[in-house]
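Work through the exercises below with the sequence and the structure open. Try each task before reading its solution.

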Amino acid sequence: MFSACSRPVAPPPEAAYILPWGSLDKNISKRDSKFDIRNSLGEAILTKEKLSKTSDKTFNILAISGGGSHGAYGCGVLEGWYERGDMPKFDVVTGISTGSIISTFIFLGDGYIRYISDIYTSIKTSDIYYYNFFKIFGGSSITSTAPLKNLIKKYITSNLLVQVAKQYQAGRRLYVGTTNIDNGTLTVWDMTAIAASDKPDKLQLYRDIIYASSAMPGVFDPQYFKIRYKDHSYYQMHIDGGMSTYVFMVGMNEDWKKVLHYSKNKKLSVSLYVLANRQYRYKKTTQALPNDSALTILTAVAKNSVDLIFDRSIYRLYKASTDHGYNFYYTGIDDDIILPNLPHQFEKEDMNRLFDAGYKKGFHGIQWKRKISEDEISKH
């Protein structure tokens, strides 16, 4: 694995879409490896159907969004919901960007859930990165992220991977998304299958994926993943998964009853819970820019781009859910919550305030949004 200012050998154009080991092949017709979606997600669905001994055979999915330091709110929601006692045991958990850090601990549940409050209520910016202005001259970012990598190393241990692997054997799945910036597409990694593998470098790969999913472009260095093509090694550049989609779930547009040859009398019941570490819309009204400086314009463009990614991500999941008769549940940061200006600023006071507000929501009962209007998308 590499993460440096001078990139290793880039793939040639004809190898742009080769998948690195550990990532999910979303071609539904393939059944060659455990990383094919038909084997990975399909086996999880079949295992749920076989193991369920009650009348409730709902396949429960939790998708956790990005949001940087605003993830403290989502952590509070999840911990409060867990302590309330009515959080389902999720069959699949997905995480992207800050959600990738949260996802492993929510996936494992029980004693591991406290780790998210340990992380998101105690860290400060210097625990994530520090500015290194020498890197402006030829570097891929303006910071050093050694603190973040050390934080990931502290919590993602070999013993933790053993527990993740056990859940793979039980038919549960954990997926994390990164953006392959070389070809501009979302890469989804089956973290459970990685943990259950016999690869000697699986722990480092697991850590590198979480880092890559959180690597905000320009602020953090990218992460490089090795591929093989015509007996040569090349390295793909991966960054923050939120650059592709704000939140995700794979296989939502597939007819799994048909794919898995479900008998007509069996019902495939699915519930998708979406947790957004963000307010539903940051930009609620049209506001004129205060000036026409390059920084002001670029900031506005960036905010509008994130709005578009967010809107389309949420609506895509909602539309797929309604098309297939799945239950859809959405919650995010409430409109009355005052957010820190920038999600890459990690201030203890702000993060504890967000965590506490989220905890109250989770513990006292989440008022889920069940419908997303297409009109909200067309506002852009």
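Helices (H or I, at least four residues) and strands (E, at least two) are DSSP runs, numbered from the N terminus. The model is predicted.

**Exercise 1. Backbone outliers**

Task: Locate serine 97 and lysine 230, then state the sign of phi and the burial class of each residue.

Solution.
- Step 1. Place serine 97. It sits in the loop that links strand E2 (92-96) to H3.
- Step 2. Read its backbone. Phi of serine 97 is near 55°, which is positive, and the residue is not glycine.
- Step 3. Classify it. Buried means under 20% relative accessible area. Serine 97 has 8% relative accessibility, so it is buried.
- Step 4. Place lysine 230. Its loop runs between strand E7 (223-229) and strand E8 (232-240).
- Step 5. Read its backbone. Lysine 230, also a non-glycine residue, has a positive phi of about 50°.
- Step 6. Classify it. Exposed means over 50%. Lysine 230 reaches 62% relative accessibility and therefore counts as exposed.

**Exercise 2. Helix packing around H8**

Task: Describe how H3 and H6 each pack on H8, and name the residues in contact.

Solution.
- Step 1. Choose the descriptors. Two packed helices are described by the angle between their axes and the distance between the axes.
- Step 2. Take H3 (residues 98-108) with H8. Their axes are 6 Å apart, at an angle of about 140°. H3 is therefore oblique to H8.
- Step 3. List that contact. H3 contributes Thr98, Ser100, Ile101 and Thr104; H8 contributes Tyr206, Ile210, Ser213 and Ser214.
- Step 4. Take H6 (residues 158-169) with H8 (residues 202-214). The axes come within 10 Å and cross at roughly 85°. So H6 is roughly perpendicular to H8.
- Step 5. List that contact. Ser158, Leu161 and Val164 of H6 meet Lys202, Leu203 and Tyr206 of H8.
- Step 6. Compare the lists. Tyr206 of H8 appears in the contact with H3 and in the contact with H6.

**Exercise 3. Salt bridges**

Task: Find the acidic partners of arginine 114, lysine 124 and lysine 57, and give the N to O distances.

Solution.
- Step 1. Recall the principle. Side chains of opposite charge can pair when their charged atoms come close. The cut-off from nitrogen to carboxyl oxygen is 4 Å.
- Step 2. Start with arginine 114. Its side chain forms a salt bridge with aspartate 118 at 3.2 Å, N to O.
- Step 3. Check the spacing. Both residues belong to helix H4 (residues 114-120) and are 4 residues apart, about one turn of the helix.
- Step 4. Check exposure. Arginine 114 has a relative accessible area of 45%, so it is partly exposed. Aspartate 118 is at 30% and is also partly exposed.
- Step 5. Go on to lysine 124. Its salt-bridge partner is aspartate 127, with an N to O distance of 3.6 Å. Lysine 124 is partly exposed at 38%, and aspartate 127 is partly exposed at 25%.
- Step 6. Finish with lysine 57. It pairs with glutamate 49 at 3.7 Å, N to O. Lysine 57, at 37% relative accessibility, is partly exposed.
- Step 7. Set these in context. The structure has 9 salt bridges, among them these pairs.

**Exercise 4. A nonpolar surface patch**

Task: Identify the residues that form a nonpolar patch with Leu289, and give their joint accessible area.

Solution.
- Step 1. Place leucine 289. It lies in the loop between strand E9 (270-279) and helix H10 (294-324).
- Step 2. Test its exposure. Patch members need over 30% relative accessible area. Leucine 289 has 44%, so it is partly exposed.
- Step 3. Add the partners. Ile297 and Val301 join Leu289 in the surface patch, which has about 240 Å² of accessible area in total.

**Exercise 5. From one residue to the whole chain**

Task: Trace the contacts of valine 9, then summarize the fold in numbers.

Solution.
- Step 1. Place valine 9. It belongs to the segment before helix H1 (37-51).
- Step 2. Find its distant neighbors. Leaving out residues up to four places away in sequence, valine 9 touches Ser233, Tyr234 and Tyr235.
- Step 3. Add a C-alpha distance. Valine 9 and tyrosine 224 are 215 residues apart along the chain, yet their C-alpha atoms are separated by 9.8 Å.
- Step 4. Widen the view. Of the contacts with a separation of 6 or more, 77% join residues 24 or more positions apart.
- Step 5. Count elements and burial. The protein has 12 helices and 10 strands. Of its 380 residues, 54% are buried.
- Step 6. Close with the surface. The accessible area is about 17,900 Å², and carbon and sulfur atoms hold 52% of it.

Technical notes: Residues are numbered from 1 along each chain as its sequence is written. This is a predicted model: local features need pLDDT of at least 70, side-chain atom pairs count only at pLDDT 80 or more; totals for chains, interfaces and linings use all residues. Side-chain values use heavy atoms; hydrogens and water are left out. Patches are made of residues with over 30% relative accessible area and no salt bridge: like charges are joined within 9 Å, nonpolar side chains (Val, Leu, Ile, Met, Phe, Trp, Tyr) within 5 Å. Accessible areas come from the Shrake-Rupley method with a 1.4 Å probe; for residues, only the protein chains shown count as cover. Buried means under 20% relative accessible area, exposed over 50%, partly exposed in between (1.4 Å probe, protein chains only). Axes are lines fitted to C-alpha atoms, for helices over the stretch in contact, and angles run from 0 to 180 degrees between N-to-C directions. Angles under 35 degrees count as roughly parallel, over 145 as roughly antiparallel, 65 to 115 as roughly perpendicular and the rest as oblique. Contact means heavy atoms within 4.5 Å.
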